[in-house]
Each structure stands twice: as C-alpha cells, then as structure tokens.
Amino acid sequence: MADLNERDTKLVQYLTEAYGKEKELETALEAHIGMTNRAPYKKRLQQHLKETKSHAREVERRIKKLGGSTSDLTTTATTAAKKALALGKGSLQAIRGSSDPEKELKNARDEYAEEAQEIALYTAIESLATAVGDKDTAKIARTIRRDEERMAGYIERLIPQLTKAVATAEIPASQRSTSRRRSTTSRRRTTSSRSTASRSSATKRGTTKRSSTASRRSSSSSRNGSSASAKGSGSRSRTSGSRARARA
C-alpha cells in the first residue's frame, strides 16, 4: 500500500471494512438462495447477490483509486475466515427449524440484520467522505446505501408473510384464528342480547297494550253503569209522581 495521508487512510479503512462485508455476504446469499423455495423471494435474493458483487467491485475500485489495496482481503486467511464464517451461518441454517418456512424466516431475519449493518456502514462512509471533501467516495457510498435500504425494505415487508407461513405449517388450525373465534362468539352474544332485548320490548308492549285495553273496558263499563243508574232513578221518580197524583 502506498503512503497515504490521514484523510485517505481513514477512507480506505472504512471502505475496506465495507468490501470485506460485501464479500462475506456474497457467500451467505448463495447459501440462502439454495435453501429458499418461495419463488419471488429467491428471485429477489438472486438480484441482490448481483448487486452485492457489483458493490464489492465498486468499493474495490475506489480503494485502489485512493491508493489502497484489497489484496489482504482477497488472498489471505482473513478473507478465507470471513467466507468460512458466512458458510458456517448457511450450514447452521440448513439444520435449524422444523419446516422450510421456518428456515426461510430465520434466513430473512439474518439478512435484515446484515442489511442494517451495511446501511450503517455506508452511511458512515458517506458522512466521512462528505466531511473531508471526497465527493466521489460519498456518491458511491450513497448509491450503495440506497440499494441496501431497498433490500432491507423488501425483507421487512416479507418477514410477516414468512411468519404466517410458519404458523400455517407448524401450528394446527384448531390452535390458530383465535381472534376469529372470539369475534364469532362476540357476534353471537350480541345477536342473542339483541334478540332478548327485542323479546323483552315486545313483551312490555304487549303488557302495556293489554293493560290499556282493560283500562278502557273498565272505564266504559263504569260509564255504562252510571248511565243505567241515572236512568233507573229518573224512572222511579216519574212513577212516584204519577202515584201521588192518582191519590190526590
């Protein structure tokens, strides 16, 4: 490596870290693609693998442009260790989980975490390059960061779908959809309450109607009785008067 000033030394340091991460993820993505059965997910991983390889090439070119070298990462035990680590992660995921959806979910979780690390790394590179006036490095970091953000967004939207697939594959239907059963029970209770209230209201209306009818009948009977009594009194008065006149 040529003698670099403090600015370029720090930029090369950050870019070298990013390059190592890209090379590690190449191997991890290849392992994940081999374990993925969901077609759209596999296609997106394949696309991102191409992006990852392209990112590594861009970062490597920039390192060399600044006077640095990636030979220590590509031909030494450091690179071998990173790839072995990535392969180890892939092998571990091949045996974990009891179903394909479970493996895919755990892969996606790891990928999401890796994307977060890359986003943070390229954000730092962009900020450093901007602070020291290296527009070219800042542009490269910004472009790559946006690719990583798009991938992270895709995985974030995918994780709930994969989780539902795990539930369907590994949990009996009788133990799922509890909210639906509760909703049905609630609707039944509500319907029953409304029906009971309706019957109660109808009963009250019937009772009120019968009471009102009985009251009207009683009032009518009372009026009829009073009228008959008045008529009877008048008739008796007239008869007594006639008798008195006859005696006179």
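## A walk through an all-helix chain

Helices H1 and H2 run roughly antiparallel to each other, and that pair is a good place to start. Please keep in mind as you read that this is a predicted model. The reason for the label lies in the geometry: H1, residues 6–34, and H2, residues 39–65, pack at an angle of about 155°, and angles over 145 degrees count as roughly antiparallel. The axes of H1 and H2 lie 9 Å apart, and their crossing is left-handed. Sorted by class, the residues in the contact of H1 with H2 are 11 nonpolar, 6 polar and 8 charged.

Let us step back to the whole chain for a moment. The chain has 7 helices and 0 strands, so reading from the N terminus, its elements follow the order α-α-α-α-α-α-α. Of the 248 residues in the chain, 31% are buried. Among contacts with a separation of 6 or more, 74% join residues that are 24 or more positions apart.

Now back to H2, which repays a longer look. H2 has 27 residues, which should span 39 Å at 1.5 Å a residue, and its end C-alpha atoms are indeed 39 Å apart, in agreement with that figure. After H2 comes glycine 67, which has a positive phi, near 100°.

Which residues of H2 are buried? Moving along the helix, they are Tyr41, Arg44, Leu45, His48, Leu49, Thr52, His55, Ala56, Val59, Arg62 and Ile63. The cover over these buried residues includes H1, helix H5 (100–131) and helix H6 (135–170).

Two residues from that list are worth a visit. Take threonine 52, which sits in helix H2. Its relative accessible area is 0%, and buried means under 20%, so threonine 52 counts as buried. What does threonine 52 contact, once its neighbours within four places in sequence are left aside? The answer is Glu22, Leu25, Glu26 and Leu29. With H1 covering residues 6–34, you can look for these four partners of threonine 52 there.

Histidine 55 is also found in helix H2. With a relative accessible area of 1%, histidine 55 is therefore buried. Not counting residues up to four places away in sequence, histidine 55 touches Glu22, Ile144, Asp147 and Glu148. Glu22 thus appears in the contacts of threonine 52 and in those of histidine 55. As for Ile144, Asp147 and Glu148, touched by histidine 55, their numbers fall within H6, residues 135–170.

That brings us to H5 and H6, which also belong to the cover over the buried residues of H2. H5 and H6 pack at an angle of about 160°, with 8 Å between their axes. That angle makes H5 roughly antiparallel to H6. The crossing of H5 and H6 is left-handed, as is the crossing of H1 and H2. By class, the contact of H5 with H6 holds 19 nonpolar, 4 polar and 13 charged residues.

Finally, a look along H5 itself. H5 has 32 residues and reaches 46 Å from its first C-alpha to its last, close to the 46 Å expected at 1.5 Å a residue. Glycine 133 follows H5, and its phi is positive, near 80°. A glycine with positive phi thus follows H2, and another follows H5.

Note on methods
Residues numbered from 1 in each chain as written. Predicted model: local features only at pLDDT ≥ 70, side-chain atom pairs only at ≥ 80, totals over all residues. Heavy atoms only, no water. Axes fitted to C-alpha atoms, helices over the stretch in contact; angles between N-to-C directions. Helix = DSSP H or I, 4+ residues; strand = E, 2+ residues; numbered from the N terminus. Parallel < 35°, antiparallel > 145°, perpendicular 65-115°, else oblique. Left-handed = near helix turned anticlockwise from the far one by under 90°. Nonpolar A, V, L, I, M, F, W, Y, C, P; charged D, E, K, R; others polar. Expected span 1.5 Å × (residues − 1). Buried < 20%, exposed > 50% of the residue type's maximum accessible area, 1.4 Å probe, protein only. Contact = heavy atoms within 4.5 Å.
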